[in-house]
Amino acid sequence: MASRMSKKLYIYSFYRFTVIHDKKAIKQKLDEYISLHTVKGTILLANEGINGSISAQKKDLNNIIKFIRNLLKIRKINLKINSCEYLPFNRMRVRLKKEIVSLGQGIIDINKYSGKLVDPKDWDRIVLDKDTKLIDVRNEFEIGIGKFQNSINPKTVKFRDFPKFVSKLKIDKNTKIAMYCTGGIRCEKASSYLKVKGYKNVKQLRGGIIEYLNYNLTKSKESLWNGECFVFDDRVTINSDLKKGKYTQCYGCRRPITKKHTLSANYKKGVYCPYCYNKRSEQQKKRSSVRQNQIDEAIKYNKYNIFLKN
């Protein structure tokens, strides 16, 4: 419990598109090394590369990143660092996947086709350019929390829906297009997909929204970002100061929710919220109720529970 409340904890979010020939062997070595450290989070391994978000003390995280670089024989890795006051993950997992970010379009040579990177310091100029079509690559619920002005909402439920959006995109293939997402990884694939489909002038925000917010914060610069940004850990959202935002999360559907949602008759903690009340089956609600009861009991009697984020 004491380590979880430490003020010297960090979140390292990273990815790299690189060919991995034997991901099972890589996973085994990574599992063995990580077991020597106190760290929580998730790392995904696929033939196309690695994607992860992990939290621990800085020394442990630096050692793990160094180990990954040596293990995959890579020098560069897209890395974002944020401090936190508690471990935002409940456990540590290294998972094997078909893709480190799922588009469902087979093998795409990301290093060959990805869009031109735009540094955060130059991003405002892109946002304000009326001749540039700005596309938000994230899912619809994420966009509902925060976005850049005048950006196009693909109205996707999941990233694998993005190709359907592209198939209906009525934009000349010579038009200037700029894309952004949370940390940059979805843009790598989305921009590559657009270029494979013949779009000529595609750019993307280097490091995503998080890097943009960090740049503006360090430079004390006014931001063009409106709202908060959804993140894939227990913080749920972050604000423009990169601090935990005002949203909590429905553990029935994983949607971010506000205090107003929790006052609804269609809200039950850990079970459902107004977004999913009519979408979840009675069996799903029952399973979630059992899970929440176990958490409540563990808290009441100070007992360990696998679901409890202690």
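Here are some questions and answers about two helices and a sheet in this predicted model.

Q: Why are helices α1 and α2 called roughly antiparallel?
A: The axes of α1 (residues 23-34) and α2 (residues 58-72) cross at roughly 155°. Angles over 145 degrees count as roughly antiparallel, so that's the label this pair gets.

Q: Which hand does the crossing of α1 and α2 have, left or right?
A: The crossing is right-handed.

Q: How do you know which residues of α1 and α2 meet?
A: Contact means heavy atoms within 4.5 Å. On that basis, I26, K29, L30, Y33 and I34 of α1 meet N63, I64, F67, I68, L71 and L72 of α2. By class, that contact has nine nonpolar residues, one polar and one charged. Lys counts as charged, so K29 is the charged one here.

Q: What makes β6 and β7 edge strands?
A: The open sheet has four strands, in the order β6-β10-β9-β7, with parallel pairing. Both β6 (116-118) and β7 (132-136) pair on one side only, and that's what puts them at the edges. As for the twist, neighbouring strands are turned by 30° against each other on average, direction ignored.

Q: How do you know that β7 and β9 pair?
A: Two strands pair if there are at least two bridges between them. Five bridges join β7 to β9 (residues 176-180), so the pair passes that cut-off. The two strands run parallel.

Q: Which residue in β9 is the bridge partner of I135?
A: That's M179.

Definitions and conventions:
Residues are numbered from 1 along each chain as its sequence is written. This is a predicted model: local features need pLDDT of at least 70, side-chain atom pairs count only at pLDDT 80 or more; totals for chains, interfaces and linings use all residues. Side-chain values use heavy atoms; hydrogens and water are left out. Axes are lines fitted to C-alpha atoms, for helices over the stretch in contact, and angles run from 0 to 180 degrees between N-to-C directions. Angles under 35 degrees count as roughly parallel, over 145 as roughly antiparallel, 65 to 115 as roughly perpendicular and the rest as oblique. A crossing is left-handed if the near helix is turned anticlockwise from the far one by less than a right angle, and right-handed if clockwise.
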